[in-house]
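Trainee: Got a minute to go through this one with me? I'd like to start broad and then get into details.

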Amino acid sequence: MKDKNMIDEIIKIKEEKDIKILAHNYQNYEIQQIADHVGDYLQLIEAAKNIDCKTIISCGVKSLGETLKIVSDKNVIIPVSEAICPMNKKINIEELISFKNMHPQFTIVSSLNSQVNLKAISDICVPTSKAVEIIERLDSENILFAPDMNLGNYISKTIKNKNVMSWTGHCTIHDKVTKEEMINVKQKHPDRPIIVHVQCKEDVIKLADYAGSTSQIIEYVKNLKDNKVIIGTETGILHVLRRLNPDKKFDLLSPTLICMNMKKTSLEDVHRCITEGKGEVIEIDENVKLKALNSIDNMMKHL
Ligand code: SF4
């Protein structure tokens with residue numbers, strides 16, 4: 001079936017079956033086209049809470065589906081079970097629980113894009129865009145941030161009056177960008193601003209004109225006078241930026257900025273999910289879900 005026919009059929013069937021599709025900014029262009037909402041975790045949480053439908057098809061990685069299940073308690077399906085963020089796969093929850101027991105003075109803060117069992121043992125979640133300001137406002141002096149060391153390091157350097165420690169782990173995509181790549185691109189395009197994600201390494205961030213989360217990058221670019229911009233985050237964001245800024249030209253900082261897990265979901269997978277019921281229905285243990293919801297609710301109170 002041609003893409004156009006498949007898109008038309010998906011749109012028709014999702015209406016008939018009372019399904020909404022929520023897609024992360026890093027999804028393929030075709031997936032963004034069929035989505036009812038495209039955004040980062042925080043924007044998709046807001047959408048999932050307010051959306052009126054029987055079923056949500058979550059297009060991203062598994063932790064997004066889990067997060068949407070926790071906040072909406074709707075039937076949430078992910079088209080591809082293997083779409084799992086490698087950063088989340090690596091974290092050892094048992095070790096983190098031991099740390100928490102041995103160091104009760106630390107507040108455990110996790111990224112909103114973390115897996116459900118990390119959220120469940122955290123005191124609070126934070127979206128990347130608000131991580132610094134929420135942590136700054138917490139009563140605790142001692143923070144353990146997980147699971148992204150680069151983001152943890154950025155938070156620690158930005159907040160002066162707290163002891164922010166990072167758990168080991170990083171986004172394998174943003175961490176791949178090198179200082180040498182930055183220097184080369186700067187030399188080649190000295191007139192173009194370079195905007196990177198805060199999950200990049202410190203030496204990369206230092207050379208950038210701006211560093212932020214995906215939503216911060218979108219907002220920053222909107223107000224830029226320059227019409228040629230270099231983007232240092234996952235390539236899917238370029239679809240969003242081009243749609244919102246048709247007069248600007250965007251180039252990717254590095255060819256390595258492609259998250260294969262975010263790209264595992266194809267139009268065919270969503271079509272199979274919607275027509276044949278293929279995919280994984282997100283099920284979360286009730287106790288784990290309640291604890292994870294508690295850390296998300298705590299975040300909401302601090303927004
Ligand atoms: S972009 Fe990074 S944090 Fe996001 S899913 Fe891919 S590896 Fe995980």
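Mentor: We'll take the overall build, then the sheet, a helix and the cavities.
Mentor: Keep in mind that this is a predicted model.

Trainee: Fine. How many helices and strands are in the chain?
Mentor: The chain has 15 helices and 13 strands.

Trainee: What radius of gyration does the chain have, and what would a compact globule have?
Mentor: The chain comes out at 19 Å. A compact globule with 303 residues would be near 19 Å, so the two agree. The C-alpha trace spans about 55 × 55 × 30 Å along its principal axes.

Trainee: And what percentage of the residues count as buried?
Mentor: Of the 303 residues, 55% count as buried.

Trainee: On to the sheet. What's the strand order?
Mentor: It runs β2-β1-β3-β4-β13. That is five strands in an open sheet, with mixed pairing. The edges are β2 and β13 (280-281), and each of these pairs on one side only.

Trainee: Take β1. In what sense does it pair with β3, and over how many bridges?
Mentor: β1 and β3 (residues 55-59) are parallel, with five bridges. One anchor point to look at is I19, whose bridge partner in β3 is T55.

Trainee: How many bridges does β1 make with β2?
Mentor: Three, with β2 being residues 37-39, and the pairing is parallel here too. Look at L22: its bridge partner in β2 is H37.

Trainee: What connects those two strands, and what's the handedness of the β-α-β unit?
Mentor: Helix α2 (residues 29-34) belongs to that unit along with β1 and β2. The unit is right-handed.

Trainee: Why is β1 described as largely enclosed?
Mentor: Because five of its six residues, in the run 19-24, are buried. The rest of the structure does the enclosing.

Trainee: What about the other side of β3, where it meets β4?
Mentor: β3 and β4 (residues 75-78) pair in the parallel sense over three bridges. There, I57 stands opposite I77 of β4.

Trainee: Switching to helices. Is α4 mostly covered or mostly exposed?
Mentor: Mostly covered. Ten of the eleven residues in α4 (residues 62-72) are buried. Among them are polar-looking names you might not guess, including E66 and K69.

Trainee: What follows α4?
Mentor: D73 does, and its phi is positive, near 55 degrees.

Trainee: Now cavities. How many of 30 Å³ or more are there?
Mentor: The count is two. The largest has a volume of about 400 Å³. Its lining takes in 29 residues, and the closest to the centre are H24, Y26, Y41, N113 and Q199.

Trainee: Which helix gives the most to that lining?
Mentor: α5, with three residues. Both α3 (41-50) and α5 (86-90) supply at least two.

Trainee: What classes of residue make up the lining of the largest cavity?
Mentor: There are 14 nonpolar, 13 polar and two charged residues.

Trainee: And what's the volume of the second largest cavity?
Mentor: About 40 Å³. Residues lining the second largest cavity include S58, C59, K62, I78 and T265. By class, its lining has six nonpolar, three polar and one charged.

Trainee: Which of those should I pull up alongside the sheet?
Mentor: Start with S58 and C59, which line the second largest cavity and fall within β3 (residues 55-59). Then pick I78, also in that lining, at the end of β4 (residues 75-78).

Note on methods
Residues numbered from 1 in each chain as written. Predicted model: local features only at pLDDT ≥ 70, side-chain atom pairs only at ≥ 80, totals over all residues. Heavy atoms only, no water. Buried < 20%, exposed > 50% of the residue type's maximum accessible area, 1.4 Å probe, protein only. Helix = DSSP H or I, 4+ residues; strand = E, 2+ residues; numbered from the N terminus. Pairing = 2+ DSSP bridges. Right-handed = clockwise from strand over helix to strand, strands pointing away. 1 Å grid on protein atoms, 1.4 Å probe; cavity = no way out; pocket = protein on both sides within 12 Å on 5 of 7 lines; lining within 4 Å. Points joined across faces, edges and corners; volume = space filled by probe spheres on them. Nonpolar A, V, L, I, M, F, W, Y, C, P; charged D, E, K, R; others polar. Rg over C-alpha atoms; globule rule 2.2 N^0.38 Å.
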